[in-house]
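Let's take a look at the rings and cysteines of a protein chain. Keep the viewer open as you read.

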Amino acid sequence: MDNNLSFVRTEMLQGQTPPLGERGIIRWIRINLFATPYDTVLTLFAILVIAWFLPGMIKWLFVNAVWSGPDRSVCSTVAQGGIQPEGWSGACWAYVNANFNQFMYGPYPIDQHWRVNIVAILFVLLLVPLLIPKAPYKVANAIVFFFIFPIIAFVLLVGGWFGLPYVETATWGGLLVTLTLSFVGISVSLPLGIALALGRRSKMPVIKMLCVIFIETIRGIPLITVLFMASYMLPLFLPPGVSFDKYLRALIGVALFASAYMAEVVRGGLQAIPKGQYEGADSLGLSYWQKTGLIILPQALKLVIPGIVNTFIGLFKDTSLVTVISMFDLLGTVKQHFADANWASPQTPISGLIFAGFVFWIFCFGMSRYSIFMEKRLDKGHKR
């Protein structure tokens, strides 16, 4: 009797299609929406809420909306002095369309808008390759973006050189102010926040004390107070005849305010690094700056990417507070035009606010999604 039970397969089994519930959109729905009874209840409740509100929103935003027109009459009912029937309600996108240039540029001279457009194009052309991980010439791109581009942007936007007419910052407004304040604040707050975080953890008492005082003082007061003091109080302490541009003072105030919060975010990342990383760097004979720049900081910054981007998003939205010093960003410019008698109607304010909110959401959502992408890319724990 042959007791040899071994078996050697002479051919591979043919691959089979996964079950319908384990692939495609059905699998995604089952895992993300109906994984547990609790998820099922929440999903059904969300569907009911969407079904209740969505038709009315679509009707107001698109179906009944007015997309073009010469004045407020196209967004008002007959009783309100307009042409719409009684009971009509819809978005007044004609108001947004008529004031679109004002929302983007503010009172910046119309014949000089090309200068703002060139700066915007350069900004996109330099930023996109910097955000793509596999794009070549990263170092050169970063140098141009953070050091050369601001000089070019300053010359183009302000003028006074190379035959360009001088444009006062008091004539800036709209999205131009929002983006410039955000860009400068983000570019300055990250390196300054890192320096403050390292200083707060320093073993040198004077450096540590100065960093602690700065961070806790700035974090203890609202941004409105910082902007108010930079705009109205600071000139009182300067010698007679010495003054700084109000927009420059706002830039400095926003950057310093954001850097204090950024310092605490970075300090949290530094504290999360295991002690063995420091000891390993010391055992290799690395200097303090080599240890910090090559080993500690890269790991710390990777750990706090969500906190860093959250600070950036908060800074981007907080630029609207410059209205307290009579500067008007996108939201401030939209609200400023509510008083325009040519477009005064019940639908105008909400339409303008929805437009401004949508623009803010685009930028904030973009920053959020990119941070998620970088987190996944840098998450070494799931790579083999």
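What follows is a short tour of aromatic pairs, a surface patch and a disulfide.

First, some ground rules: this is a predicted model, where local features need pLDDT of at least 70, side-chain atom pairs count only at pLDDT 80 or more, and totals for chains, interfaces and linings use all residues. Residues are numbered from 1 along each chain as its sequence is written, and side-chain values use heavy atoms, leaving out hydrogens and water.

**Rings**

Searching the whole structure turns up 23 aromatic pairs. Rings of Phe, Tyr and Trp (its six-membered ring) pair if their centres lie within 6.5 Å; planes under 30 degrees apart are stacked, over 60 edge-to-face, and the rest tilted. Take Phe-100 and Phe-355: their centres are 6.2 Å apart and their planes sit at 65°, so this pair is edge-to-face. It links distant parts of the chain, 255 residues apart, with Phe-100 in helix α4 (residues 100–105) and Phe-355 in helix α15 (residues 348–378). Helices here are DSSP runs (H or I, at least four residues), numbered from the N terminus. Both rings also belong to a cluster that ring pairs build from Tyr-95, Phe-100, Phe-103, Trp-343 and Phe-355.

Now for a stacked pair: Phe-145 and Phe-149 are 5.9 Å centre to centre, with 0° between the planes. These two are four residues apart in helix α6 (residues 138–158), so about one helical turn separates them.

How covered are some of these residues? Buried means under 20% relative accessible area, exposed over 50%, and partly exposed in between (1.4 Å probe, protein chains only).

| Residue | Relative accessible area | Class |
|---|---|---|
| Phe-100 | 37% | partly exposed |
| Phe-355 | 13% | buried |
| Phe-145 | 3% | buried |
| Phe-149 | 4% | buried |
| Trp-67 | 48% | partly exposed |

Rings can have charged company too: Arg-219 lies over the face of Tyr-261, 5.9 Å from the ring centre. That label needs NZ of Lys or CZ of Arg within 6 Å of the ring centre and within 35 degrees of the ring normal.

**Cysteines**

How many disulfides does the structure hold? Just one. A disulfide is a covalent bond between the sulfur atoms of two cysteines. Here the partners are Cys-75 and Cys-92, with sulfur atoms 2.0 Å apart; the cut-off is within 2.5 Å. The torsion about their S-S bond is about 80°, so the disulfide is right-handed. Both Cys-75 and Cys-92 are buried.
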